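Please read the report below alongside the sequence and the model. It goes from the overall make-up to single residues and one pair of helices.

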Amino acid sequence: LHQAYLWDSYQRVQQQLLKRQPLADSAMVPTIHAGHRPLSRAQSSPATATVSLPAQDTASKTLSLSVQEQPAKPHFTTGLVYDSVMLKHQCSCGDNSNHPEHAGRIQSIWSRLQERGLRSQCECLRGRKATLEELQCVHTERHVFLYGTNPLNRLKLDNGKLAGILSQRMFVMLPCGGVGVDSDTIWNELHSSNAARWAAGSVTELAFKVATRELKNGFAVVRPPGHHADPSTAMGFCFFNSVAIAARQLQQKGKLSKILIVDWDVHHGNGTQQIFYRDPDVLYISLHRHDDGNFFPGSGAADEVGAGPGEGFNVNIAWTGGLDPPMGDPEYLAAFRTVVMPIAHEFAPDVVLVSAGFDAADGHPPPLGGYKVSAKCFGYMTKQLMSLAGGAIVLALEGGHDLTAICDASEACVSALLGNELDPLPEESMRQKPNPNAVRSLEAVIQVQSKYWVAVQRFASKLGCSFLEAQHHEAEEVETVTALASLSVAVMVEKR
């Protein structure tokens, strides 16, 4: 409907321009540029300039030409955001081997996208630093002053409150000789605040460009990650919850009423869950290794469903059973088929934000994940999420520490966002049924969530199906429905 409205108003503007009449409804004009920018393109595009038209009836020919040309090549494309500011957040010990979350992660992804020619097909943005006000839409003032300021910008703030907050700072000495806010989250007094603010600002900037349809979709190559940061705590390599800040800003300034956050990092996004736990307008769906609370950070059980008005808008696909066997493509495909996509379609979001951690990817040792999801599967999950919200989706990098694995996965996701033909999933993944631990985990989720979402109920009996079996069942169901429909049509005709 939105497209039809834009198209209709575009044609009216074109006709009025041709007749040189004043616009009947000038409010129409601003809405157009959100997706298409047709006016400027129609007059300056090479097609209209090079075709020689006979003198008579030129006006109507120009109109029909620009009309034909307009939908063929939409201007908006996939956005990528990256900046070297985020490389400077590193431990003063200078040795990356002590720290899995290091600058090489985003550097190698950025290089890979360049090598494969994907960067040149996207619109590249520098991003920006989040303001202190933006950070405070999710985090406490104390937290923002602690981690959002460095010695240089504190001079400008000259704030009595700030001095009080800084006097309470608690840092730990790390075994490597560096400083951290906890034993694994390093702190660099000069550069960490800038990097963390740049990550949050860049995800927010990209989310707004996609939500306003200036860009089709996007991928934020950012660090440090964000989904473990809650309103008042930095932990698990995270300082500011970039995806949560982007979602809140879209709610407040973008006036979006329904936002879906999908988190496929192998660790539960405890910060994101806490921030939106009582909010019915943000649906949070997380797939993570849980092992009955014995895997970091310990939160994210299937029965954590939200509270108050937000009850039912928090969905945890909490994998249990350790690594015997590890979860991989068949399990993640089953989760998407039976829980993620049915609930997401029923919710019908205006925009989709993905906390795209790649530490469930094959190649991560047990303490960092130990799962075996293929890069192709991440591409496939991206493709499925693109069927929501008119394709308005933004992926933001969270965890993932094996460089080859995260480069392969990022490449597959950006390729999917660009609309390229996906590499087929490995034959074995498609034939294999999800393992018994996964089926049990999904049964627990469906049992809890069917109280809130009608859509999951019909999948309860098909959890154990492989990808190919599920496709076969779907096809059979469609055939049955079609046959019944044609039968009822035949009956009606006969009655007539």
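The sections below cover the fold as a whole, one long loop, a strand residue, unusual backbone geometry, a helix pair and the cysteines.

This is a predicted model, in which local features need pLDDT of at least 70 and side-chain atom pairs count only at pLDDT 80 or more, while totals for chains, interfaces and linings use all residues. Residues are numbered from 1 along each chain as its sequence is written, and side-chain values use heavy atoms, with hydrogens and water left out.

**Overall make-up**

The protein has 19 helices and ten strands; helices (H or I, at least four residues) and strands (E, at least two) are DSSP runs, numbered from the N terminus. Of its 496 residues, 53% are buried, where buried means under 20% relative accessible area, exposed over 50% and partly exposed in between (1.4 Å probe, protein chains only). Among the contacts with a separation of 6 or more, 77% are between residues 24 or more positions apart; contact means heavy atoms within 4.5 Å.

**The loop between β5 and α12**

R223 sits in the loop that runs between β5 (217-220) and α12 (242-252). Is R223 buried or exposed? R223 counts as buried because its relative accessibility is 1%. Apart from neighbours within four places in sequence, R223 is in contact with M86, L87, H89, E101, H102, A103, R105, I106, A195 and A199. Two backbone oxygens are reached by the side chain of R223: that of M86 lies 2.6 Å from a polar atom of this side chain, and that of H89 is reached at 2.8 Å. Such a polar contact is a pair of N or O atoms within 3.5 Å; within protein, one must be able to donate a hydrogen and the other to accept it, and residues adjacent in sequence count only if both atoms are side-chain atoms. The C-alpha atom of R223 is 9.7 Å from that of R197, and the two residues are 26 apart along the chain.

P224 belongs to the loop between β5 and α12, and the peptide bond leading from R223 to P224 is cis, with omega near -5°. H227 is also placed in the loop between β5 and α12 and is buried, at a relative accessible area of 2%. Leaving out neighbours within four places in sequence, its contacts are C238, N241, D263, D265, H267, H268, G269, N270, G271, T272, S355 and E398.

**A220 in strand β5**

A220 is part of strand β5. With a relative accessible area of 0%, A220 is buried. Beyond its neighbours within four places in sequence, A220 touches V81, V203, L206, L395, A396 and L397. A220 and G79 are 141 residues apart along the chain, and their C-alpha atoms are separated by 8.2 Å.

**Backbone geometry**

A second cis peptide bond runs from D324 to P325, with omega near -5°. P325 is in the loop between β8 (314-319) and α14 (329-347).

Two residues that are not glycine have a positive phi, as tabulated here.

| Residue | Phi | Loop | Relative accessibility |
|---|---|---|---|
| F237 | about 75° | between β5 and α12 | 14%, buried |
| A389 | about 50° | between α15 (375-385) and β10 (393-397) | 11%, buried |

**Packing of α6 and α16**

Two packed helices are described by the angle between their axes and the distance between the axes. Helix α6 (residues 104-115) packs against helix α16 (residues 403-417) at an angle of about 45°, and the axes are 9 Å apart. Axes are lines fitted to C-alpha atoms, for helices over the stretch in contact, and angles run from 0 to 180 degrees between N-to-C directions. The two helices α6 and α16 are therefore oblique to each other: angles under 35 degrees count as roughly parallel, over 145 as roughly antiparallel, 65 to 115 as roughly perpendicular and the rest as oblique. On the side of α6 the contact involves G104, R105, S108, I109, R112 and L113, and on the side of α16 it involves L403, T404, I406, C407, D408, S410, E411 and V414.

**Cysteines**

How many disulfides does the structure hold? The structure holds zero disulfides, a disulfide being a pair of cysteine sulfur atoms within 2.5 Å. For C377, the nearest cysteine sulfur is that of C413, 9.7 Å away. C377 is buried at 0% relative accessibility, and C465 is buried at 11%.
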